[in-house]
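Reader: I work in computational chemistry, and I'd love a close look at the inside of this model. Please walk me through how its parts pack together, with the cut-offs behind each term.

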Amino acid sequence: MGEKRLYYGLIVAQKVVYFLVEAFGVNLPYNFYFYHFGPYSDALDWNLQMMKSFGLIDIGSDPQKTGYSIEVNKKTAQESVQMAQKFVDKNRSEIDKVLKLFGTYTPSGLELASTILFVWKNNKDSQTKAQLRGVVVEKVKKLKPKFTQKEIEKQYEYLIKQKLIM
């Protein structure tokens with residue numbers, strides 16, 4: 001295996017927060033709907049843009065030219081940390097789990113994993129357990145044809161193993 005690379009940016013932020021809310025039950029005011037790169041929240045995007053306008057974060061072009069980068073503004077870093085500390089302390093366990101499970105995923109990998117969870121959550125109550133896997137894999141394949149069925153099934157199994165889906 002090669003060196004692990006940490007990914008960051010708007011897509012990564014959307015997917016990490018999606019996992020915090022939907023897989024680990026962290027109480028955040030975000031509703032997600034399916035969008036081009038998987039689950040997406042307008043409210044989260046708006047909050048990121050507001051944080052940028054208040055100078056808390058900088059959103060710029062990713063140096064690798066693959067999207068956007070998000071970095072804490074060094075001038076306000078200490079203030080930002082203090083404001084967020086209560087939230088982080090309250091949700092430390094869930095944040096650590098999301099970062100452990102998905103922290104080194106590529107944006108594309110997060111897109112696939114979060115799409116599987118999104119489709120599973122939206123179909124789990126209308127399908128029998130025996131049918132659910134096939135339905136989810138088929139719908140994800142239709143939504144995300146760039147992923148092979150093998151990739152989808154492998155990620156589905158990983159989410160089961162991690163007890164994020166059943």
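Author: Happy to; here is a walk from the overall layout to the core, the helix pairs around it and a few single residues. The model is predicted, so local features need pLDDT of at least 70 and side-chain atom pairs count only at pLDDT 80 or more, while totals for chains, interfaces and linings use all residues. Residues are numbered from 1 along each chain as its sequence is written, and side-chain values use heavy atoms, leaving out hydrogens and water.

Let's begin with the layout. The protein chain holds 7 helices and 4 strands (DSSP runs numbered from the N terminus: H or I of at least four residues, E of at least two). Along the sequence they come in the order α-β-β-α-β-β-α-α-α-α-α. Of the 166 residues, 38% are buried (under 20% relative accessible area; exposed is over 50%, partly exposed lies in between, with a 1.4 Å probe and protein chains only). Among contacts (heavy atoms within 4.5 Å) with a separation of 6 or more, 60% join residues 24 or more positions apart.

Now for the core itself. In the largest nonpolar core there are 41 residues (buried Ala, Val, Leu, Ile, Met, Phe, Trp, Tyr and Cys residues joined through side-chain atoms within 4.5 Å). Phe19, Phe102, Ile116 and Val136 have the most contacts inside this core. Two or more core residues come from each of helix H1 (10-23), H2, strand E3 (57-61), helix H4 (92-102), helix H5 (107-123), helix H6 (129-143) and helix H7 (149-161). As background, nonpolar side chains tend to be buried together in soluble globular proteins.

Take Ile116 from that group. Neighbours within four places in sequence aside, isoleucine 116 is in contact with Val136, Val140, Ile152, Gln155, Tyr156, Leu159 and Ile165. Several of those partners turn up again where H6 meets H7: on the H6 side the residues are Leu132, Arg133, Val136, Val137, Val140 and Lys141, and on the H7 side Gln149, Ile152, Glu153, Tyr156, Glu157 and Ile160. The axes of these two helices come within 10 Å and cross at roughly 130 degrees (lines fitted to C-alpha atoms, for helices over the stretch in contact, with angles from 0 to 180 degrees between N-to-C directions). H6 and H7 are therefore oblique to each other, which is the label left once angles under 35 degrees are called roughly parallel, over 145 roughly antiparallel and 65 to 115 roughly perpendicular. H6 passes H7 in a right-handed crossing (the near helix is turned clockwise from the far one by less than a right angle; anticlockwise would be left-handed).

Phe19 and Phe102 lead to another helix pair. Val16, Phe19 and Leu20 of H1 meet Glu94, Ile95, Val98 and Phe102 of H4. Here the axes lie 10 Å apart at an angle of about 130 degrees, so H1 and H4 are oblique, and their crossing is right-handed. H1 also packs on H2, using Leu10, Ala13, Gln14 and Val17 against Leu44, Asp45 and Leu48. The axes of H1 and H2 come within 11 Å and cross at roughly 125 degrees, which makes this pair oblique, and the crossing is right-handed.

Gln14 has a further partner just before H2. Serine 41 sits in the loop between strand E2 (38-40) and helix H2 (42-53), and its relative accessible area of 0% makes serine 41 buried. Beyond neighbours within four places in sequence, serine 41 is in contact with Gln14, Tyr30, Asn31 and Phe32.

Polar residues go inside elsewhere, too. Threonine 115, in helix H5, is buried because its relative accessibility is 0%. Not counting residues up to four places away, threonine 115 touches Phe34, Gly38, Pro39, Val140 and Lys144. That last partner, lysine 144, lies in the loop between H6 and H7 and counts as buried because its relative accessibility is 4%. Apart from neighbours within four places, lysine 144 is in contact with Phe34, Tyr35, His36, Phe37, Gly38, Glu111 and Thr115. Lysine 144 and phenylalanine 37 are 107 residues apart in sequence, yet 8.7 Å apart in space from C-alpha to C-alpha.

For contrast, lysine 163 lies in the segment after H7 and is exposed because its relative accessibility is 69%.
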